[in-house]
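Good morning, and thank you for joining. I would ask you to keep the display in view while I speak.

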Amino acid sequence: MDTTTVKGTIQWMEMGSGTWAVVTDEGQTYELHGDTASLEKKGLKVQIEGAVRKDVMSMSMIGPILEVKSYEILSES
Amino acid sequence: MKRLFLIFFLIGLFAVAAAHEGFQTGYSSNLANSDQAEFESIILDFREAPGLTRQIDDRLANLAQQFNLSPALNSEFSEADHVYVVQGDRDILQALRNSDLARFTEFIEPNYIYQSLFVPDDPDYAKQWNLQSINVEGAWAQNRGSGATVAVIDTGISRTPDLQKTNFVPGYDFVNDRDQADDDNGHGTHVAGTIAQSTNNGYGVAGIAYEANLMPLKVLSAQGFGNVADITEAIRFAADNGADVINMSLGGGGASELMQEAVEYAHSKGVVIVAAAGNESSQSASYPAKYRHVIGVSAFDADGKKAPYSNYGLGVDIAAPGGSTLAGESGGILQETIDRLSGKAQFKYFQGTSMAAPHVAGVAAVLKSIGIEAPETVETVLEYSAQKVGRDSSNAFGAGKLDAAAAAQMATVRLPWWGQLWQFLRSLFWFDAKSIPWKDLLLRGAIAAAFTWLFTRMARFPWQGNAYLIGIFLGAIGLFIFKGLHVMYLPDWPLRLVGSAIPELGSALWRDPRLNPVFASCLIPLAGMLLLLSHRTLRWFSMGLAVGVAAFLSVSLLESTYVLWIGANAIAQAFIGVNVVLCLAIAAITLRVATSDGL
C-alpha cells in the first residue's frame, strides 16, 4: 500500500461520537486510524507517515482515513 | 437559423422545467402544500451577504411601520441566519411576497401549524427540535413502525435504560465474531435511539419508529472504523434475516463492487437501504450513500439550513436533521447512548449526517409498517412527501426535507389505478434531471450557433439542412436526455453512451469523467471530412460535426477540464485550444471545397 506523508495539527473532531484527526496547513482533514494513542492531543503539530485506507470506512466520515505507520512530533503548541 | 434556435430553445425549456420541481411529475400530498393547511404566522428568511445586515435592520423597521407587524427571531439559533417570524394570514403573506422586501429574502413562507393527536410523556422530548422539524407527531398518529425491522449497521447497540422497552431481534457482532452486538463506542446506540428510542415511557427522549424492531449489527470498532468485508456481510445478514430497512451511518473509501453487489442483493429482497451522505462538506456523497438503491441523506440544522459539515451534490437524495453544535450543544441531536470511556448510559447531543440518516430510516420503517413493500415505492413516497427547498442548485437537500407526517399520510392513501400504474412504471424507468449538465449544454449550443454564424459570413451554405444540424447536435450535445434516464434491471452505461456527445464517448465507454484525448480532439471530425468530403449531402454532416466538437471543446476550455494522461493544467488547456482551432479549420476546409464544388 502506498504511503504518504502528512504534516499538520492534531484535532478532536466533534462529529458523531467524535474522532481524532490531523488537519494539514492546506486545510485537508485526515481521520487518524491505527495505533494513535500517543498522538491524541489537541494542537499537536506532527508529521505522519501513513497509508490512506480505501478499504476502511468510519462513522465520522470527515475525510480520508490515514493509517499511521510512523510519526514525528514537531511541536506541542 | 430557425431550426437551430428551435433546438436550443427546446434544450432551454427542458433546463427550466428540470430546475422547476414540477418537472418531477407525480402526486403530492405534502401537508405544507395543501390549501387546507393552517397558519397564523409567517417565516421570513433574509439573505446572508456582507453588508446586508444593516439593510435587514432597515427592512425590519419598515415592516413594523408599513404592515404594523412586529418581527421576532424564531429561536436562539435564528439570529445568525436572519430567520424572523411575524404574525399574519394569507393576505399578509401575499402582501409581503409582493413587497420590495422579497428582494432581501431567500423565502417568505407560511409557518404551518401541525395538529397532532399525541405528544409523548418523555420529559426531554421538548429538546428534540429534530423530531418536531420532521413533523413526527403527524406520523405517530398513523403508525409507529410496529412489525418493521431496522438493521443498524454501526458500532453495535447497548440496551440503555431508554431502550429497555424497545423490541430487539437477534443481530451479530462482525468485529468480534459473536452473537451479542453491544456498543463500545456510543455511536450506534445514539443512531438506534433516533430510530426507536423507547417512547412515551416517562423517561428520557423519544424515537421515530419506537414500535419497530432493532437488529444490532456491529461492524465498526470501538474507535469507529470497519472494513468493507464486514459491512458487506452485515448487509447480506440483514437481508437474509428479515430486515425491512438498513441504516448505515458510516462511509468513506472508494467504490467497492463487493459492497455494491450486497446492496443490490438486499434491494432485490425488498430492503430499504439508507446511508449518511458524509461530513466532509464536499460536493459528493461518500460511499455507500452514493450507490444506486441507497437513499443518501444530507443534514440540516435547527434552522433548516444545510449543516456546515454535510456533503451535498451527487448522491444526496433527501435531507434530514443532523444538527450543528457550532453555536452550542443543544443544536445537536439528543438521544441516550453510552459514554465511550466509562460505558455508562448518558444523554448526549451529537451532530453529523450519521444523525440525519436514522431519521429517514425511522420514517422508512413507519412506511413499511403501513404496508408499503417495494423499496422503490418507499423511496418515492419519502421523496415526494419531502418539503421542497427552493433554489437548491448545489443539491444540498435532494428531494427536500424529510416530512414524516406527509409521508405517512401519502402511504395510507390508496392510490387510484392510474397512480398505481404510474408507480409501477416509475419503478421501471426513472429520470434524474440533475445528471444532465444543462448549463454546459446551453453554452455549447450558443457557441455552436456563433461559429455557424461566422461561417455563414464566409459563404452561404445549407446550415439549416438536416445533415449539418445533426452533425452539430452529435458533436456538441448528443442525445442528452439519455444521460438522466435509468431503466430497472439494465446497466446505466449503454444509456450514458447513447446520451454522450462525440467528444465524451471515451468518458462514457470507460466510465471515467476525465476527457479522453482521442475522442475529445479533431480526430473524429478529420476522419469524417476525409470520408465524406466528396458526398454532396453528407459533407455538411461532417462540417456540422467539426463545428459541434469545436463548440464542445471551447466549453471544456472555459472550465479547465481534466484531460486523461495530461491533467488539468496549461498543457491540457493548450491541447484543447489547438483542437478547437483544428476543428474550425476542418469545417472551413469543408466549406471551401464545397463552395468551389458549387456547394
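I shall describe the interface of the two chains, then the strands of chain A, and then some elements of chain B.

Please bear in mind that this is a predicted model.

Let me begin with the interface. How many residues does each chain bring to the contact? Chain A provides 20 residues and chain B provides 31 residues. Between them, chain A and chain B bury an area of about 1,900 Å², and 61% of that area comes from carbon and sulfur atoms. On the side of chain A, the greatest losses of area to chain B fall on Met57(A), Met59(A) and Met61(A), which together make up 43% of what that side buries.

As for polar interactions, the rule finds zero salt bridges across the interface of chain A and chain B. It does find 13 residue pairs in polar contact there, with both residues at pLDDT 80 or more. Two strands of chain A, β3 (29-33) and β5 (56-58), each supply at least two residues of the side that touches chain B. By class, the residues of that side of chain A comprise nine nonpolar, seven polar and four charged.

Strand pairing also crosses from one chain to the other. β5(A) is joined by three bridges to strand β9 of chain B, residues 225-227, and the two run antiparallel. Within this pairing, Ser58(A) lies opposite Phe225(B) of β9(B).

I turn now to chain A itself, and to strand β2, residues 19-24. Is this strand mostly covered or mostly uncovered? β2(A) is mostly covered, with six of its six residues buried. In a regular strand, side chains alternate between the two faces of the sheet. In β2(A), Thr19(A), Ala21(A) and Val23(A) point one way, Trp20(A), Val22(A) and Thr24(A) point the other way, and all are buried.

β2(A) has two partners to consider. With strand β1 of chain A, residues 4-13, β2(A) pairs in the antiparallel sense over six bridges. Here Trp12(A) stands opposite Trp20(A). The hairpin of β1(A) and β2(A) has five residues between the strands, and Gly16(A) in that hairpin takes a positive phi near 60 degrees.

With β3(A), β2(A) shares three bridges, again in an antiparallel arrangement. Val22(A) faces Tyr30(A) of β3(A) in this pairing. These two strands also form a hairpin, with four residues between them, and Gly27(A) in the turn has a positive phi of about 95 degrees.

Finally, chain B. Strand β3 of chain B, residues 83-87, has four of its five residues buried, so it is largely enclosed by the rest of the structure. β3(B) pairs with strand β2 of chain B, residues 72-73, over two bridges in the antiparallel sense. Leu73(B) is the residue opposite Tyr84(B) of β3(B).

Helix α11 of chain B, residues 375-385, is largely enclosed by the rest of the structure, because 10 of its 11 residues are buried. Among them are Pro375(B), Val378(B), Leu382(B) and Tyr384(B).

My last residue is Ser324(B), in the loop between β13 (318-321) and β14 (333-338) of chain B. Why does Ser324(B) count as buried? Its relative accessibility is 13%, and the cut-off for buried is under 20%. The side chain of Ser324(B) reaches the backbone nitrogen of Leu326(B) at 3.4 Å. Not counting residues up to four places away in sequence, Ser324(B) touches Asp301(B), Pro308(B), Gly331(B), Gly332(B) and Gln351(B).

Thank you for your attention.

Terms used
Residues are numbered from 1 along each chain as its sequence is written. Chains are lettered from A and ligands numbered from 1 in the order in which they are written. This is a predicted model: local features need pLDDT of at least 70, side-chain atom pairs count only at pLDDT 80 or more; totals for chains, interfaces and linings use all residues. Side-chain values use heavy atoms; hydrogens and water are left out. Contact means heavy atoms within 4.5 Å. Buried area is the accessible area (1.4 Å probe) that two parts lose on being put together, summed over both. A salt bridge is a side-chain nitrogen of Lys or Arg within 4 Å of a carboxyl oxygen of Asp or Glu. A polar contact is a pair of N or O atoms within 3.5 Å; within protein, one must be able to donate a hydrogen and the other to accept it, and residues adjacent in sequence count only if both atoms are side-chain atoms. Ala, Val, Leu, Ile, Met, Phe, Trp, Tyr, Cys and Pro count as nonpolar, Asp, Glu, Lys and Arg as charged, and the others, Gly among them, as polar. Two strands pair if DSSP finds at least two bridges between them. Buried means under 20% relative accessible area, exposed over 50%, partly exposed in between (1.4 Å probe, protein chains only).
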